[in-house]
Amino acid sequence: MSINKADGPDSITVEQRPDPSPGPGEVRIRVAAAGVNPSDPFIWRRIGSGPLQPPLTPGLDAAGTIDATGTDVDRLIVGDRVMAVVNARRPEGGAQAELVVVPAASVVPLADSVDLTAAATLPMTGLTALEGLRLLDLAPGKTLAVTGGAGQLASYLIPLAKQRGLRVIADAKPADEDFVTGLGTDHVVPRGTGFIDAVLQLVPGGVDAIFDTAALTRSVVPAIRDGGAIAVVRGWDDADAPGRDITVHAVSVGPAMQNTGWLELLAAEAARGHLPLRVAGIYPPEAAVEAYTRMEAGGLRGRLVIAF
């Protein structure tokens, strides 16, 4: 699958390419499914500008079966069911292809109980949650507020935060309250204009940190205590700091893409049923433009996947 230009029904095409071969420290995966992340439409719209030049194979998440290994690989063998995180900006492209060569450090085995299509929703988003928690560095007993509580990132973040002994407050629409509570959330508060007042009623003076999965940025800062922190996934809204000694952490997953230990943790938690692997829709490669357009529109509860 290749992005050849921005926009249009023929901008993403299915192409035949020579089979890639794994080098030292690499494996080749026969991909069953590849996740569609919010960054994929971003790349699609900007292809041809700056370093993003066509043709480009998109995709950050893959799940499938190892079908070849390079030298210096002893942790993975042919036939292993695996999930992987892939850097789509590398010259050989990303995960949305039938065969993908990936550094072995970015690949981990999956339990037989974990569906491969569902597993394609996990690696990049799960690493985003873990990296944000690392940056916030909250001690057990501290309070974390989460925006976008029913979204895909929050659905991984909340169980992982609870695993670290944090008190979690998350927002949700009435229809999503039961789901968000089921993630282990201590308190569910309203979305929108009532969020800040509801948080401050629970924690006078403000929470220790906010993980802002909904990109609300500066508007939710009043719910944070002096000296607290906020983790953002789509950048800050301007160059000015929020004040009151509040620290802004911009979450970037790049350094974590070969964190095998974190990927193993995510795979284990998924096998235990602690992380909800939600598939919002399955598309063939030929319908990638439809999938990208639907992802770009937002409001999904789960991830879309491209199935091969």
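**Briefing: helix H6, the sheet under it, and the rest of the chain**

Helix H6 (residues 195–202) has three buried residues, Phe195, Ala198 and Val199. They sit on the same side of H6, because the arc they cover around the axis is only 100°. Keep in mind that this is a predicted model. The protein chain has eight helices and 15 strands, and 53% of its 308 residues count as buried.

**Helix H6, two-faced**

- An α-helix has 3.6 residues a turn, so residues three or four places apart point the same way.
- On the face of H6 turned away from the buried side you'll find the exposed residues Asp197 and Gln201.
- The cover over the buried residues of H6 includes strands S8 (143–147), S9 (167–172), S10 (187–190) and S11 (207–212).
- H6 lies across those strands, S8, S9, S10 and S11, and runs at about 145° to S10.

**The parallel sheet**

- Six strands make up an open sheet with parallel pairing, in the order S10-S9-S8-S11-S12-S13.
- S10 and strand S13 (247–250) are the edges: each has a single partner strand, so one side of each is left without a neighbour in the sheet.
- From one strand to the next, the twist averages 20°.
- Zooming in on one pair, S9 and S10 are joined in the parallel sense by four bridges, and Ala172 has Pro190 in S10 as its bridge partner.
- Helix H4 also packs on this sheet: H4 lies across S8, S9 and S11, at about 160° to S9.

**Strand S3 and its antiparallel partners**

- Strand S3 (residues 26–36) is mostly covered, with eight of its eleven residues buried.
- With strand S4 (residues 61–69), S3 pairs in the antiparallel sense over eight bridges; here Ala34 stands opposite Ala62.
- With strand S6 (residues 99–103), S3 shares five bridges, again running antiparallel, and Glu26 faces Pro103 across that pairing.
- With strand S15 (residues 303–307), S3 has four bridges, also antiparallel, and Gly35 stands opposite Val305.

**Nonpolar cores**

- In soluble globular proteins, nonpolar side chains tend to be buried together.
- The largest nonpolar core here counts 51 residues, and those with the most contacts inside it are Met83, Leu136, Leu144, Val146, Ile158, Phe211 and Leu266.
- Helix H4 (residues 152–163) gives the most to this core, with seven residues.
- Another core, of 19 residues, lies apart from the largest one, and includes Ala288, Val289, Ala291 and Ile306.
- Take Leu144: leaving aside neighbours within four places in sequence, Leu144 is in contact with a list of residues that includes Leu133, Leu136, Leu138, Ala161, Val168, Ile169, Ala209, Ile210 and Phe211.
- Arg167 is also one of the contacts of Leu144.

**A buried glutamate**

- Glu131 belongs to helix H3 (residues 123–136).
- Glu131 counts as buried because its relative accessibility is 7%, against a cut-off of under 20%.
- Not counting residues up to four places away in sequence, Glu131 touches Val251, Ser252 and Trp262.

**Backbone oddities**

- Most residues other than glycine have a negative phi, and most peptide bonds are trans.
- Pro54 and Pro55 are joined by a cis peptide bond, with omega about -10°; Pro55 is in the loop between helix H1 (39–46) and S4.
- Ala215 has a positive phi near 60° and lies in the loop between S11 and strand S12 (224–232).
- With 32% relative accessibility, Ala215 counts as partly exposed.
- Thr217 is another non-glycine with a positive phi, about 45°, and lies in the loop between S11 and S12.
- Thr217 is buried, with a relative accessible area of 10%.

**Overall shape**

- The radius of gyration of the protein chain is 20 Å, which agrees with a value near 19 Å for a compact globule of 308 residues.
- Along the principal axes, the C-alpha atoms fill a box of roughly 60 × 40 × 35 Å.
- Among contacts between residues at least 6 apart in sequence, 65% join residues at least 24 apart.

Terms used:
Residues are numbered from 1 along each chain as its sequence is written. This is a predicted model: local features need pLDDT of at least 70, side-chain atom pairs count only at pLDDT 80 or more; totals for chains, interfaces and linings use all residues. Side-chain values use heavy atoms; hydrogens and water are left out. A nonpolar core is a set of buried Ala, Val, Leu, Ile, Met, Phe, Trp, Tyr and Cys residues joined through side-chain atoms within 4.5 Å. Buried means under 20% relative accessible area, exposed over 50%, partly exposed in between (1.4 Å probe, protein chains only). Contact means heavy atoms within 4.5 Å. The arc is that of the directions from the helix axis to the C-beta atoms. Two strands pair if DSSP finds at least two bridges between them. Axes are lines fitted to C-alpha atoms, for helices over the stretch in contact, and angles run from 0 to 180 degrees between N-to-C directions. The radius of gyration is taken over C-alpha atoms; the globule rule is 2.2 Å times the number of residues to the power 0.38.
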